[in-house]
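Hello,

Here is the structure I promised to pass on. Please open it next to this message and follow along.

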Amino acid sequence: MQIDLRTVAIKPLRNTFDHLVERFGDKPASRYQEGSYNIQQESVFHYRPAWDADNVLFDKKRTKIQMKDWYALKDPRQYYYGSYTIARARQQDAAESIFDMVEERGLAELIPAEQKQIALDILVPMRHAEWGGNMGNAYISAYGYGTVITQACLYHSMDHLGVAQYLTRIGLVLDGPDALDKAKDDWMDGALWQPMRRHVENLLVLEDWFEIFVAQNLVLEGLSYPLFYDHLDSEFSANGGTAISMMTRFMGEWAGETAKWVDAQIKVAAAESPENKAVLSDWVKQYRAVTLDALTPLAKRALGDKAAGVLEDVLTEFNARCAKLGLAV
Amino acid sequence: MSTVFIAFQTNEDTRPIVESILADNPHASLEEQPAMVKINAEDQLVIRRESIEERIGRDFDLQELQVNLITISGHLDEDDDTFTLSWKN
């Protein structure tokens, strides 16, 4: 008996979902598109929420920023649940092996006392500020509008929790559980931390979700991450605290990656209309001043005489970044 | 005139790659076969890292092409930014 093998090409009957065909045309869609576009609930809300009777459940009016198409605020990293968790799992593995190495070889004991103290005084209490970032971004994903931005904000929110956990582990590695109690006391009562705590707590009660996005993701992160994980980090390395630099590697890497996403959101929103641009620019100006006030004492503690110069560098870079995004600051 | 070609497996990973090759090489033609896409082009075919990165939203190393590559024909000129097939050498 003879068997003939032949190939049969089976054409799929449909390329993708109808709601994606409406937006992108009839062609296969990427996983990111499938999980992000045209799925914001827009109608059939039934009742208005009792806790906010002026708005429907998902309402465009909850921010001053207005967009014709909210799906324009896409994530350049194209994170959907799968790709996001895969990317972070890989980074988590790397971080884990760094912590293992620092613990196994006792590298923390080799850090000069002065550098260690700076890390305990500055980095460890920052975990409470990270928790503020977690809350703010979770708020955006709850009350924001447009699945492409709310989805990314939820990831961002979880990332902040991750950073807080790394900072906690740094405290544990450097000085055991007492480091965390001490950091909490500093955060609650230490004079150094009160301006930062006030600022973070003020962000917790904002109602406009895009304002939180600007204040937290653009301004606070845009100023504090370069200060702590770039400038202060080089100080650690230069003075024998390489182990601390190793343990903060994720934060530096993460800040670079997420800044691209934040930039893309601000750029698109600012280009949408002169009104948006004005509102965004005002927010940046308003929060830049308070954030700098909050960071100044911390920078002085961390960098001593160099603090003023470094803060100025950070500010110049930040202003250049905002100008590139089309903001008038 | 002679033709160069490149063939990939048809999957999630290669779709943006094929898309960017077709965008960068307007003279190229697509041949869809079961589980394989073949791109034919007269004389030359250029694959650019930048246009792939634009579509996938992350850094891309051109050597990642090899994972889903089935076959190529043509002399290959490869650097960090481009992957070029031609008969010019």
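**What I found**

Start in chain B, where L45(B) has L85(B) of β7(B) as its bridge partner. Keep in mind throughout that this is a predicted model.

That pair belongs to a longer match. Strand β7 (residues 82–86) of chain B and β4(B) pair in the antiparallel sense, over five bridges. Now add the third strand. The order is β4-β7-β6 in chain B, and this open sheet is antiparallel. Its edge strands are β4 and β6 (75–78) of chain B, and each of them pairs on one side only. From one strand to the next, the twist averages 15°.

Chain B holds another open sheet, this one of four strands. Read its order as β2-β3-β1-β5 (chain B), again with antiparallel pairing. At the edges stand β2 (29–33) and β5 (69–73) of chain B; each has a single partner strand, so one side of each is left without a neighbour in the sheet. Neighbouring strands here are turned by 15° against each other on average, direction ignored. Look at the pairing of β1(B) with β3(B): these strands run antiparallel and are joined by seven bridges. For one position to find on screen, take F8(B), which stands opposite V37(B) in β3(B).

Next, the helix. Which residues of helix α1 (residues 14–24) of chain B are buried? They are T14(B), I17(B), V18(B), S20(B) and I21(B). Seen down the axis of α1(B), the buried residues fall within an arc of 165°, so they line one face of the helix. The spacing has a simple background. An α-helix has 3.6 residues a turn, so residues three or four places apart point the same way. What covers the buried residues of α1(B)? The cover includes strands β1 (3–9), β3 (36–42) and β4 (44–48) of chain B. Helices α2 (49–56) and α3 (65–68) of chain B are also part of that cover.

Turn to chain A. How many helices and strands does chain A have? The count is 13 helices and zero strands. Its C-alpha atoms fill a box of roughly 75 × 70 × 40 Å, taken along the principal axes. Of the 329 residues of chain A, 37% count as buried. Consider contacts in chain A between residues at least 6 apart in sequence: 74% of these join residues at least 24 apart.

Now the cores. In soluble globular proteins, nonpolar side chains tend to be buried together. The largest nonpolar core here has 78 residues. V214(A), L280(A) and V284(A) have the most contacts inside it. Helix α9 (residues 209–238) of chain A gives the largest share of this core, 15 residues. Leave aside the neighbours of V214(A) within four places in sequence, and V214(A) is in contact with V219(A), L280(A), W283(A), V284(A) and Y287(A). Another core lies apart from the largest one and has 17 residues, among them I6(B), I17(B), V18(B) and L85(B). You have met L85(B) already, as the bridge partner of L45(B). I17(B) and V18(B) are also among the buried residues of α1(B).

Last, the place where the chains touch. Seven residues from chain A and seven residues from chain B make the contact. On the side of chain A that touches chain B, three residues are nonpolar, two are polar and two are charged.

Best wishes

Conventions. Residues are numbered from 1 along each chain as its sequence is written. Chains are lettered from A and ligands numbered from 1 in the order in which they are written. This is a predicted model: local features need pLDDT of at least 70, side-chain atom pairs count only at pLDDT 80 or more; totals for chains, interfaces and linings use all residues. A residue is buried if 20 or more other C-beta atoms lie within 10 Å of its own, exposed if 12 or fewer, and partly exposed in between; C-beta atoms are placed from the backbone. Helices (H or I, at least four residues) and strands (E, at least two) are DSSP runs, numbered from the N terminus. The arc is that of the directions from the helix axis to the C-beta atoms. Two residues are in contact if their C-beta atoms, placed from the backbone, lie within 7 Å. Ala, Val, Leu, Ile, Met, Phe, Trp, Tyr, Cys and Pro count as nonpolar, Asp, Glu, Lys and Arg as charged, and the others, Gly among them, as polar. A nonpolar core is a set of buried Ala, Val, Leu, Ile, Met, Phe, Trp, Tyr and Cys residues joined through C-beta atoms within 7 Å. Two strands pair if DSSP finds at least two bridges between them. Axes are lines fitted to C-alpha atoms, for helices over the stretch in contact, and angles run from 0 to 180 degrees between N-to-C directions.
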